[in-house]
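Please work through the exercises below with the sequence and the coordinates open beside you. Each task is followed by a solution that goes step by step.

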Amino acid sequence: MTTILVVDDDADIRDLVAFKLEMSGYDVNTVGDGPAALSAIADNQPDLVVLDVMMPGMSGYDVCRQLREEPATRHLPIIMLTARAQDRDVDTGFSSGADDYVVKPFNPQELLRRVSALLGRARRQ
C-alpha cells in the first residue's frame, strides 16, 4: 500500500488531508512539525510527503532542503501545502526541492489529483 506522510501544525487541516487520502486508499501517517516529520521519515520512509511551510521550530522549506540533502530521501516526492501564496513563496518552495506547491485554501480533489500524478511520475522513474 502507498504510504503518505502529512505534516501540518494545524490539526484540522492535517485531519482533513489524512481523511481524504485514506478515503482514496492511501495509508496515511500524520505529524505536526518539521522535526517530527524528519523523525517519522527516518523511521519509515513514506512514498510521498504533503508538507506545510509555516510550522513551529522548523519550516517546511527547511525540512524539504534537509530531505534533498540526504541520499536516501533525495528523490522522495514532496508537495508543499501552504497559505504562502506570493510568487517569492512559491519560488522558495520549488528552490527548496518541492515537486509541487498547493496553496490553501485548497480543493481536496485537486490535491488528490496532484498526489496521484506525482506518485505516477515517481513510479516511472
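The exercises that follow concern a predicted model.

**Exercise 1. Determine which residues of helix α3 are buried, and how they are placed around the helix axis.**

Step 1. Helix α3 covers residues 60-69, and its buried residues are G60, Y61, V63, C64, L67 and R68. Seen down the axis of α3, these buried residues fall within an arc of 160°, so they line one face of the helix.

Step 2. The partners of these buried residues come from several elements, since they pack against α2 (34-43), β3 (48-51), β4 (78-82), α4 (87-96) and β5 (100-103).

Step 3. At the N-terminal end, α3 is capped by S59, which places a side-chain oxygen 3.3 Å from the backbone nitrogen of Y61.

Step 4. Helix α3 also holds a salt bridge between D62 and R65, whose closest N and O atoms are 2.9 Å apart; the two residues are three apart in sequence, about one turn of the helix. D62 is partly exposed at a relative accessible area of 35%, and R65 is likewise partly exposed at 34%.

**Exercise 2. Describe the largest nonpolar core, and state which element gives the most to it.**

Step 1. The largest nonpolar core has 20 residues, and those with the most contacts inside it are L5, V7, V49, L51, L67 and M80.

Step 2. Two or more residues of this core come from each of β1 (3-7), α2, β3, α3 and β4, and α3 gives the most, with four residues.

Step 3. Another core, of 19 residues, lies apart from this one and includes V17, L48, I79 and L81.

Step 4. For a single residue of the largest core, take M80: leaving out residues up to four places away in sequence, M80 touches L51, V53, G60, Y61, C64, G93, A98, D100, Y101 and V102.

**Exercise 3. Establish whether D52 is buried or exposed, and describe its surroundings.**

Step 1. D52 lies in the loop between β3 and α3. Its relative accessibility is 3%, and because the limit for a buried residue is under 20%, D52 counts as buried.

Step 2. Apart from neighbours within four places in sequence, D52 is in contact with V7, D8, D9, G60, L81, T82 and K104.

Step 3. With K104 there is a polar contact between the two side chains, at 3.4 Å, and D8, D52 and K104 are linked in a network of salt bridges.

Step 4. The peptide bond from K104 to P105 is cis, with omega near -5°, and P105 itself is placed in the loop between β5 and α5 (108-124).

**Exercise 4. Examine the salt bridges D89 with R84 and D100 with R114, giving the burial of each partner.**

Step 1. The structure holds seven salt bridges. In the one between D89 and R84, the closest N and O atoms are 3.0 Å apart; D89 is buried, with a relative accessible area of 6%, whereas R84 is partly exposed at 30%.

Step 2. The side chains of D100 and R114 meet in a salt bridge at 2.7 Å, N to O. This pair links distant parts of the chain, with D100 in strand β5 and R114 in helix α5, 14 residues apart.

Step 3. D100 counts as buried at 12% relative accessibility, while R114 is partly exposed, with a relative accessible area of 26%.

How values were computed: Residues numbered from 1 in each chain as written. Predicted model: local features only at pLDDT ≥ 70, side-chain atom pairs only at ≥ 80, totals over all residues. Heavy atoms only, no water. Buried < 20%, exposed > 50% of the residue type's maximum accessible area, 1.4 Å probe, protein only. Arc of directions from axis to C-beta. Contact = heavy atoms within 4.5 Å. Polar contact = N/O pair within 3.5 Å; in protein donor to acceptor, adjacent residues only side chain to side chain. Core = buried A, V, L, I, M, F, W, Y, C linked by side-chain atoms within 4.5 Å. Salt bridge = Lys/Arg side-chain N within 4 Å of Asp/Glu carboxyl O.
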